[in-house]
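Subject: Structure handover

Hi there,

Here is the structure I promised to pass on to you. Please open it alongside this message, and my notes follow just below.

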Amino acid sequence: MTERAPVLSVRGLSVRFLLPGGRRIAAVTDAHFDVAPGECLVLIGESGCGKSVLASALLGLLPANAQTAGHAHLGDLELLTADERVLARTVRGRRIGLIPQSPAAHLTPVRTIRSQLAETVARLTGVRGRTALRAAAEQAAERAEFPPGHLDRYPHELSGGLAQRAATALALIGDAPLLLADEPTTGLDRDLVDRTVDELRRHVDADRALLMITHDLAAAERVADRVAVMYAGRIVELAAASDFFGASGPRHPYSQGLLQALPDRSFTPIPGMPPELGDLPEGCAFAARCDRATDACTALPPFTGSIACHHPAPAPTPENIRA
Ligand SMILES: Nc1ncnc2c1ncn2[C@@H]1O[C@H](COP(=O)(O)OP(=O)(O)OP(=O)(O)O)[C@@H](O)[C@H]1O
Ligand code: SF4
Ligand SMILES: [Mg+2]
């Protein structure tokens, strides 16, 4: 990777939800990562591990019962403590584009997709005039494969996949330096998945940054420069995509399990279930499911910057990359 300053720098980010009765949900714990200009970092992990909460923390969109700690710098702006007015006026949409996990809820129900696209074009790009706005809205729709014949529909008239594409079109307007895409390909068939991630890749290739959350490892492999794996609220592995999906493979037993569960690999699911985020063990949270666990794993494995495991597979070398 280049030595250029990251677009986003996350250090020790933790999110706790405080529940009635004093219960605490450790949704995100001590996350560390950077995303550079011209880089796509893909965040993967099982349902409920904290991926969307992490994204919401970066955008100041957590509910009132959430507490955050640590740092998340967008250039010189500390996102975690930024004023809501600053986030609303200068960050969301302008400096960070968001493709939300629930696009239908994100779209304005009483306005057509065309009018929402035109309004966003006018707000973020300064394009004025009915004809110019109409053309720019159609162009925005095309970038996200949103069919022009559906532009005059309201959100409730769209399928899940079309709402997804409308939300993607909205997020791409303004060409924000950082795009945060939370499951941007849900509900799309394989061909559309490929075309959507290729458009997101074009955003990256124009020297902008992309943090993409996905369950779709084929989409991740297609777009990622680096992969972050999250388990029970912690990032347990951060690797170059070429190593992770290549011959050397992932190093963390959980990441290895995720890949082995794929139909085109051994199609073997990881046994057991993730722990409750309100009742995490003191040591490695994966120990109950891990066939490499030893007594050492009753102590929390520190995150080295690339791995959090007491017994990881060897780091990539010229030999195991060739193997
Ligand atoms: N407002 C809240 N109060 C309490 N717990 C919450 C709240 N919002 C989220 N959580 C919990 O935080 C954890 C992480 O949720 P999150 O939505 O980030 O998961 P995810 O990794 O995005 O899952 P998925 O892949 O299904 O989208 C979950 O256990 C969830 O129940
Ligand atoms: S620390 Fe131990 S239990 Fe956890 S993933 Fe590594 S080997 Fe398995
Ligand atoms: Mg989510």
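**Ala308 and its surroundings**

Not counting residues up to four places away in sequence, Ala308 touches Ile235, Val236, His252, Pro301, Pro302 and Phe303. Please keep in mind throughout that this is a predicted model. Ala308 sits in the loop that runs between H10 and helix H11 (318–322). Is Ala308 buried or exposed? Its relative accessibility is 7%, so Ala308 counts as buried, the cut-off being under 20%. For a sense of distance, the C-alpha atoms of Ala308 and Ala104 are 36 Å apart, with their positions 204 residues apart along the chain.

**Helix H10**

The helix before that loop deserves a look too. H10 covers residues 253–260, and 6 of its 8 residues are buried, so the rest of the structure largely encloses this helix. The buried ones are Pro253, Tyr254, Ser255, Gly257, Leu258 and Leu259. What lies over them? The cover includes strand S3 (40–44), helix H8 (217–223), strand S9 (226–231), strand S10 (234–240) and helix H9 (241–244).

**Strand S10 and the turn before it**

Leu238 belongs to S10, one of the elements just named. With a relative accessible area of 11%, Leu238 is buried. Setting aside neighbours within four places in sequence, Leu238 is in contact with His32, Phe33, Leu41, Arg226, Val227, Ala228, Phe303, Gly305 and Ser306. Phe303 is also one of the residues that Ala308 touches. From Leu238 to Leu107 the C-alpha separation is 33 Å, and the two are 131 residues apart in sequence.

In the loop between S9 and S10 you will find Ala232. Ala232 is not a glycine, yet its phi is positive, at about 50°. Ala232 is buried as well, with a relative accessible area of 6%.

**Cores and a cavity**

The largest nonpolar core contains 80 residues, and Phe33, Leu58 and Leu79 have the most contacts inside it. Phe33 appears among the contacts of Leu238 too. Leu58, for its part, touches Leu8, Val10, Leu13, Ala72, Leu79, Ile96, Leu180 and Leu211, again not counting residues up to four places away in sequence. Another core, of 22 residues, lies apart from the largest one and has Ala118, Leu162, Leu170 and Ile173 among its members.

How many cavities of 30 Å³ or more does the structure hold? There is 1, and the space in the largest cavity is about 90 Å³. It is lined by 14 residues, of which Pro253, Cys284, Cys290, Cys297 and Cys309 are the closest to its centre. Pro253 is also one of the buried residues of H10. Sorted by class, the lining of the largest cavity has 10 nonpolar, 3 polar and 1 charged residues.

**Two domains**

The domain assignment splits the chain into domain 1 (8–95 + 176–322) and domain 2 (105–175). Their centres, taken over C-alpha atoms, are 29 Å apart. To the contact between them, domain 1 gives 16 residues and domain 2 gives 13 residues.

Asp175, at the end of the range given for domain 2, lies in the loop between helix H6 (160–172) and strand S7 (178–182). Asp175 has a phi near 45°, which is positive in a residue other than glycine. A relative accessible area of 32% makes Asp175 partly exposed.

**Two more sites**

Leu18 lies in strand S1, residues 8–18. Leu18 is partly exposed, with a relative accessible area of 32%. Apart from neighbours within four places in sequence, Leu18 is in contact with Arg23, Arg24, Asn65 and Gln67. The C-alpha atoms of Leu18 and His150 are separated by 42 Å, and these residues are 132 apart along the chain.

Last comes Asp216, placed in the loop between strand S8 (209–213) and H8. How accessible is Asp216? At 16% relative accessibility, Asp216 counts as buried. Asp216 touches Thr185, Arg190 and Val193, not counting residues up to four places away in sequence. Between the C-alpha atoms of Asp216 and Pro184 there are 9.9 Å, for residues 32 apart along the chain.

Happy browsing, and best wishes!

Methods. Residues are numbered from 1 along each chain as its sequence is written. Chains are lettered from A and ligands numbered from 1 in the order in which they are written. This is a predicted model: local features need pLDDT of at least 70, side-chain atom pairs count only at pLDDT 80 or more; totals for chains, interfaces and linings use all residues. Side-chain values use heavy atoms; hydrogens and water are left out. Buried means under 20% relative accessible area, exposed over 50%, partly exposed in between (1.4 Å probe, protein chains only). Helices (H or I, at least four residues) and strands (E, at least two) are DSSP runs, numbered from the N terminus. Contact means heavy atoms within 4.5 Å. A nonpolar core is a set of buried Ala, Val, Leu, Ile, Met, Phe, Trp, Tyr and Cys residues joined through side-chain atoms within 4.5 Å. On a 1 Å grid over the protein atoms alone, a cavity is a set of points where a 1.4 Å probe fits but cannot get out, and a pocket is an open set with protein on both sides within 12 Å along at least five of seven lines; lining residues have an atom within 4 Å of a point. Grid points are joined across faces, edges and corners, and a volume is the space filled by probe spheres set on the points. Ala, Val, Leu, Ile, Met, Phe, Trp, Tyr, Cys and Pro count as nonpolar, Asp, Glu, Lys and Arg as charged, and the others, Gly among them, as polar. Domain bounds come from an automatic or database domain assignment.
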